[in-house]
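Hi everyone, thanks for making time for this. I'd like to walk you through one structure, starting with a small detail and then working outwards. Have a look at it first, and then we'll begin.

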Amino acid sequence: MDILASLLDGFGTSLLPLNIAVMIAGVTVGMLIGALPGLGSVNGVAILLPLTFLVPPTSAMIFMAALYYGCMYGDAIASILLGIPGASSAVATTFDGRPMAMSGKAGVALTASAIASFTGGTVSIVLFTVLAPTLADAALAFGPAEEFALVLLAFTTFVALGGQDRFKTVIAICLGLVLSTVGLDMISGQPRLIFGDLPGFYHGISFLVLAIGIYGIGEMLNTIESTRNKVAMVQPRMTLGTVRETLREMRGSIGTLSQGSVLGFFVGTLPAAGATTASLMAYGVAKMTSRHPERFGKGEINGIVAPESANNAASTGSFLPMLTLGIPGSATTALLLGGMVLWGLQPGPMLFIEQPEFTWGLISSLYVSNVFAVIANLAFIPLFCYALRVPFTILAAVIFVLCVVGGYAPSSDMHDVWLMLGFGLAGFVLCRLDYPLAPMVLSMVLGPIMENALRQSLIAGQGTPSLFLERPIALTFILIAVLLFTLPAVKMALANRRPPAPALAEEKA
Amino acid sequence: MHTLTTRRVELGVAATLALFSLYLMAKSAELPIGWVSGQGPGGGAFPFWLSAIMLLASLAVLARAWRGLTPPSRGEGAFIQVGSGPLLGAVVGSLVALLLAIHLVGVYVAIPLFLAFHLRVLGSHSWRLTATMMVATPVVLFLVFEVALKTMLPKGLTEPFFYPLYALFL
C-alpha cells in the first residue's frame, strides 16, 4: 500500500504540464532517433544530455527516460520499413519484420511492434514499481565495501558475459577507469595524470566528453565509412482497420508477449546484458516454444512481438540497478546516472528517501510516457517515414554541430571539444577492431565511485582488505566476480591446449 | 595491395595501447602508489595498478593478434573501405577546421561555414536548403545556449558584434 501511495504522489509530479510536455517531446524525439539507422538510445542520450539543463532535474530525467523509451519504439520502424535495424536492440525485429513488410503487411508489423512494445513496457514498469523500493531498502545497508564489490561484479559480468574479446573488454574498462581519475585526487587533493601539463586536465575528463565523442562523432564516422547502399523503403498503409487486423492476428501471442516482457525485464536488470541480448533471447525462446517454428524468419508475427516486448521491458529493467543501487548496467543508464550527478543529485538508494519526488515522479512518468509512446508511435508513422528520408549528409552535419556545441557547453572549455574529437577518432578505430566501448563509458562514470569505495574500505580495514572478508554481502559479490572471471580463463586455457584452433583451421580451408 | 590492412591496424593499436599504459603507469607514479600511513592508498595507486592490468591485457591482445586469434587480426583487407577514404578524410578534416575556426572566429561564423561545406559540397544539396540551414542553425543555437542555458559559446574575433545582442537578450 505504501508503494501505491508513493506512486500516486509520483503522478502528482509527472502529470505537471511541464513534465507532460517533456514526455511528449521525449518520446517523439526518441522515436525519431530510434528510427534513424545507426542511432539508438545511447547516441540520443549522449548528444542531448547537455540540453537537459533547460529544465529542472526531475523533468530532465523524465525527458531522458521518455527519450530512452521512444528510441525503443522507434528502432523497430527502421527494422521493419528499411530492413536495417534502427539500433542493435532491434536486430531481432528485422528477422520477421522485414519479410512481413515485403509481403505488404508493413502496417500490421508496425502496429504489432507498437502493441508489443507497450505491453513489454507496462509489464516491466509494474515489476519495477514493486521491486525498486524493496531493493533500495536492502541497498541502504550497503557501505563502501559492498559498493566496491558490486561495481567489480558489474565489470566482471562485462568481461565474462559481454560476448566480446575478454582482453579487449579488460582494456576498455581499465582505460575508462584510469581516465576517470584524471584531475584532482579527491582524498589527497593532489593533481594527477595532467597530460602534457595542460590546464584543461585539472578539471578532469567528463564522462560526457567521452560519450559524445564515441557515440556522436565516432558513430557518425562509422556510419559514413560503412557504405550506405540505397535501401528500398516500404510505405506502410495505416488505418484503424490495420489496428483491428493486428489485434486479430495477435490473439495467439499472449504467451509470447508475457514471456518476452518478463524475460526482457530480468535480462535488462543485469549488467552487460541489456536490450539487445534480451530481444535476441526472447526471439529464440519464442521460436523454441512456438508450435510453428518453421514460420519464423518468414514473417511470423510472434517474431516481432517477442523481441519488441523484450527490448522495451529491458530498457525499463535497466533502470532498476541504476536507480536503486546507483550502479548502472548499460552505457545508456550510465549516462543517465552521470546526468543525475550533473543535475546535482546524489545517486544511490538514499534517493528514494531524500528525493521521493524525483524517484516516484520518474517511476510514474514511465507509465505515462508509455501511453504517449504507443499513441505517438501509431499516429506519427507518416512523420517517421518522412524522417527516414532525410539525407544522411544533412543529419550528419547537424549531429556534428550538436556534438561540438554540446561538448563545449558543460565546461565552457574548448580543451574538452578537442578531447571529444580525439575520443571520437579513437572510438571509431577501436570500435572497428571489436573493442567494446560501452564498458569504457560505464567505467568512466563508475570510476570515482569505485575508487572512493575501495580507498574508504581499505582505510577502514587499516590497510588490509579485511573489510571485504568480514562483510558477507560484499564477500559474496566478490566471490561471484572471481568465479565469473576465472571460469572463462580456465575454459580458454583448455581450449588453447588443443592445437588446431577452429579459427586457424578455417583459414587453411 | 593495401598497406593499411585491418591486421596491421589491430597490431598497431594493441602495441600503442601497451605503450600508452606504460605511460599511464609512469604518470600515475608521480603520486604515491603505495600505502600512505594515516591516509590509506596513495593518490596514484588506483590508476597505477589499473594501468598495469591494462598493460598485461594489451600484451595479451598483441600476442593473440600476432597468432591470428582475434578476428580483426585475420583481416587482410583494407582497414578503411576503398572509396570511403576520401570522404572520411574530408569529414575529419572539416571537423578539425571547424574547431580551429571556432578559436579564431567563433561558433557563429565557423558553424555556418561547416554546414555549407557539408550540405553544398559533400551533400550537393540546393543553395536554398544550404542557406536556410546556415541561418537557422546559429539562431537556434543562440536562443538555446546563450539565452535559455546562459552558456556563452566561444566567439573569437566576432565577440564585439554580439554586444548589442547581449544587451537585448541577457
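Let's start with Ser124(B), which counts as exposed because its relative accessibility is 59%. Before I go on, please keep in mind that this is a predicted model. You'll find Ser124(B) in the loop between helix 4 and helix 5 of chain B. What caught my eye is its backbone: phi of Ser124(B) is near 45 degrees, a positive value in a residue other than glycine.

There is another serine to put beside it, this time in chain A. Phi of Ser412(A) is near 55 degrees, again positive without the residue being glycine. Ser412(A) sits in the loop between helix 18 (392-408) and helix 19 (414-432) of chain A. Is Ser412(A) buried, partly exposed or exposed? With 39% relative accessibility, Ser412(A) counts as partly exposed.

Since we're at helix 18 of chain A, let's stay with it. Of its 17 residues, 14 are buried, so helix 18 is largely enclosed by the rest of the structure. Its length works out as well: at 1.5 Å a residue, helix 18 of chain A should span 24 Å, and its end C-alpha atoms are 24 Å apart, which agrees.

We can do that check in chain B too. The 22 residues of helix 2 of chain B should span 32 Å at 1.5 Å a residue, and the end C-alpha atoms are 31 Å apart, which agrees. Just after helix 2 of chain B comes Gly68(B), with a positive phi of about 75 degrees.

Helix 2 of chain B takes us to the contact between the chains. How many residues does each chain bring to it? Chain B contributes 71 residues and chain A contributes 66 residues. Together the two chains bury about 5900 Å², and 80% of that is on carbon and sulfur atoms. Which three residues supply more than any other three of the area that chain B buries against chain A? They are Phe46(B), Phe79(B) and Leu99(B), which supply 11% of that area.

Now for the polar side of this interface. The rule finds six residue pairs in polar contact across it, with both residues at pLDDT 80 or more. Several elements of chain B supply at least two residues each to the side that touches chain A, among them helix 1 (6-28), strand 2 (40-41) and helix 2 (45-66). Helix 3 (85-105), helix 4 (107-122) and helix 5 (127-148) of chain B are also on that list. By residue type, that side of chain B divides into 49 nonpolar, 17 polar and five charged.

On to the charged pairs. Side chains of opposite charge can pair when their charged atoms come close. Across the interface of chain B and chain A, the rule finds two salt bridges. One of them joins Asp165(A) and Arg64(B), with the closest N and O atoms 3.8 Å apart. This pair runs from the loop between helix 6 (144-161) and helix 7 (166-180) of chain A, where Asp165(A) lies, to helix 2 of chain B, which holds Arg64(B). Both Asp165(A) and Arg64(B) are buried.

Over all chains, the count comes to ten salt bridges. Another of them is between Lys105(A) and Glu249(A), with 3.1 Å between the closest N and O atoms. That pair links distant parts of the chain: Lys105(A) is in helix 5 (residues 91-139) of chain A and Glu249(A) is in helix 9 (residues 240-249) of chain A, 144 residues apart. Lys105(A) counts as partly exposed because its relative accessibility is 28%, and Glu249(A) is partly exposed too, with a relative accessible area of 29%.

Within chain B, Lys155(B) forms a salt bridge with Glu146(B), and their closest N and O atoms are 3.1 Å apart. Lys155(B) and Glu146(B) are both buried. And back in chain A, please find Asp185(A), Arg192(A), Glu451(A) and Arg455(A), which are linked in a network of salt bridges.

One last stop is Thr289(A), in helix 11 (residues 274-289) of chain A. Its relative accessible area is 49%, so Thr289(A) is partly exposed. The C-alpha atoms of Thr289(A) and Gly255(A) are separated by 9.6 Å, with the two residues 34 apart along the chain.

That's my tour, and I'm happy to go back to any part of it. Thanks for listening!

Terms used:
Residues numbered from 1 in each chain as written. Chains lettered and ligands numbered in written order. Predicted model: local features only at pLDDT ≥ 70, side-chain atom pairs only at ≥ 80, totals over all residues. Heavy atoms only, no water. Contact = heavy atoms within 4.5 Å. Buried area = accessible area lost by both parts, 1.4 Å probe. Salt bridge = Lys/Arg side-chain N within 4 Å of Asp/Glu carboxyl O. Polar contact = N/O pair within 3.5 Å; in protein donor to acceptor, adjacent residues only side chain to side chain. Helix = DSSP H or I, 4+ residues; strand = E, 2+ residues; numbered from the N terminus. Nonpolar A, V, L, I, M, F, W, Y, C, P; charged D, E, K, R; others polar. Buried < 20%, exposed > 50% of the residue type's maximum accessible area, 1.4 Å probe, protein only. Expected span 1.5 Å × (residues − 1).
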